[in-house]
Amino acid sequence: MSDEVITIYSLTTKVLSYDSSADVDLLKKAYIFSREAHCSQTRSEGTPYIGHPLSVAHILADMKTDVATIAAGLLHDTIEDTGTTVKDMKEMFGDEIAFLVSALTKLSKIEFKTREEAQAENFRKMLLAMSEDIRVIFIKFADRLHNMRTLQFLPENKRQRIATETLEIYAPLANRLGIGWLRIEFEDLSFKILMPELYEELAQKVAKRKEEQEGYLKEVARTIEESLREEGLYGRVSGRVKHYYGIYQKMQNQRISFDQVHDVLGLRIITDTKANCYTIMGLIHSFWTPIPGRFKDYIAMPKSNMYQSLHTTVIGPKGERVEFQIRTEEMNKIAEEGIASHWRYKEKDTMKTRDSKYISWLRELIRSQKELHDAREFMEAVKGEVIPEVVYVFTPTGEIKELPFDSTPVDFAYSIHTEVGHKCVGAKVNGRIVPLRYQMKNGDTVEIITSPTHGPSRDWLKFVVTQRAKNRIKQWIKAEERKQSIELGAKLLEVELKKHHLKPSSLKSEEAQTVAKAFGLQTYDDLLVSIGYGKVSPHQVVNRLLAERSPEAHLRKPQDFQGASGEELQKTVRPQKEHKGISIKGIDHILYHTAKCCLPVPGDILVGFVTRGRGVTIHRKDCPNLERLTIDDARLIDVDWKPGDEMTTTARLLIETVDRPGLIADLSVLISSVNVNISHINATTTQDKKAHITFNLDVRDKPQLNTLIQKISQTEGVLRVKR
């Protein structure tokens, strides 16, 4: 579309080519409205802003969406960037278009602590709308795609941020919805921005291999076409080139060089029926020897995004490996367009049932999102759900269940029903008892053993992989811990009241509520929970109660109240603070320290553990050491970074490299060039000529650290970088 002249006329012509009854007057009206609303604005490249919504509308027309979607694409920035309101939009274009546009409007009126939190909350708003109407994500995809195509006009830091977000969220989401062409373009555009030198190197190598093997593949294709004609089978044979980011991923995941990637080029055969797919595959195997383990039947077992195809790799002529993909015309359309292949102007009535197959995971996530109050946690949950690798297992009755790769019987149990998960005590796979942490394989038949007296274990969180299982287990543990903490808090408070010759029954509900609010808590039960968790002492509560009852309270010395209020606490308690940039939610004064095992930096998601007698230890949420903490000694609390603190924090990088002279010097120069101070270096070498280097660095925040990691990764000789 880069060479195409983008005008409202070319847009309406394109729409009429696939929908002759389309209301093009509505599109013209939306175009004029958008042009007038954005008349004073220009894009980063200096062109009139209207070019962006017009390009978005063209991409939506390429996807053959309906007029309402394309009109919303023309209008998608008007509420956010101009004086237009949702009410104006409804009056001008109706409820349907107003809903689509407002769903894509950022929550600009809400103040967020960080950019990350704002992005996460806006993304959650969009996904909620998407679960109601899938067209919301079509518009967002088109918007993001045009922005990615014109990213070169933005400053470097914005390019990096947008490309990273596209690679981590939008490309996997496009894949989950089966829109293959869009995932490929998102990935390659992001790859080009994030690792330009590696991208260019791969592009040159692919072009060279294509030139070398083009004649060979044409010869193989000719052999197949002749055989198809002889057998009376319909089939179109074409070449296929693996996209650059796909090649890069394979090289990284399997730790191989480009020369070891055998499926860079391949052949695709499009036929007319499912039966002929298998017939053609048999024909190929009769000519050339198939490579064991390289045959995949995605027709009998489709991927989660409805992708269907047969994949096989054979030792072709001259001993060269050749990969084939065999599918029908319909399968090919779904592989390219996914959920968008079902969305046509005349199919709206059947869309609800068809799209449910694609976004059932999203609707389940939305249902469980009440437990995910933190928008960033919701984002992590979404990322977890769009991972493409899945396993297919069977219930004892033969029903197929699709679960993420590495799922366990506990994940399977929760996929059936929450209560089945809660009561799970064991599992049989293919008739044999297996541990609950067993990782299920394709084709396993799983039977869950339950007990009515059983409940979930926190240990399950160490091995379950589905968001549903994680949420249900955490919810159950949280409810149980709250219940136990209320009982413990009540007992501790009762003992303290008796010391002051007070009866628990004498505590009136109004007094209890007042005391709870004095500690920043909503209810008396919340106060008991805080006592049970050790966040508030019973002595503090009784002192506050006495202060409320005694008219002479103002004559007492501040230390008599032991922290009854924030002001008094400041006078009597001088907590040791190691890190001025950390805020512990709900607790104003408590001893804490950051964990040396994971060294969190601003931007990391944090979690705190209250350990009796030792205050709070603050870890990164993804710190592996959290799994080894016991339930009895520690309690989870919410921790966050304070906004606006100008400071540096220690971070540790572990770098695996090829051992060569001058490497440490090169890395030191690179690190200094991005204004990062090195506080400590340690290096060791191995017998296989590799070096392991540890740097302790003073960094501002996670984005700066991520930028540095990316630059180090691109250094010659560096094999791996991790925190």
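**Cysteines, a buried methionine and a helix pair**

Going by the sulfur-distance rule, this predicted model has 0 disulfides. Being a predicted model, it needs pLDDT of at least 70 for local features and 80 or more for side-chain atom pairs, while totals for chains, interfaces and linings use all residues. Numbering starts from 1 along each chain as its sequence is written, and side-chain values use heavy atoms, with hydrogens and water left out.

Q: Why is there no bond between C597 and C623?
A: A disulfide needs a pair of cysteine sulfur atoms within 2.5 Å. The closest cysteine sulfur to that of C597 is in C623, 3.5 Å off, so that is too far for a bond.

Q: What makes C424 buried?
A: Buried means under 20% relative accessible area, exposed over 50%, and partly exposed in between (1.4 Å probe, protein chains only). C424 has 0%, so buried fits.

Q: And why is C597 called partly exposed?
A: Its relative accessible area is 37%, so C597 lands in that middle class.

Q: How do you know that M130 counts as buried?
A: M130 has 0% relative accessibility, so the label follows. This residue is in helix 7 (residues 115–132); helices here are DSSP runs (H or I, at least four residues), numbered from the N terminus.

Q: Why are helix 11 and helix 12 called roughly perpendicular?
A: Angles of 65 to 115 degrees count as roughly perpendicular. The axes, lines fitted to C-alpha atoms over the stretch in contact, with angles from 0 to 180 degrees between N-to-C directions, come within 10 Å and cross at roughly 100 degrees. Helix 11 and helix 12 are therefore roughly perpendicular.

How values were computed: Helix = DSSP H or I, 4+ residues; strand = E, 2+ residues; numbered from the N terminus. Parallel < 35°, antiparallel > 145°, perpendicular 65-115°, else oblique.
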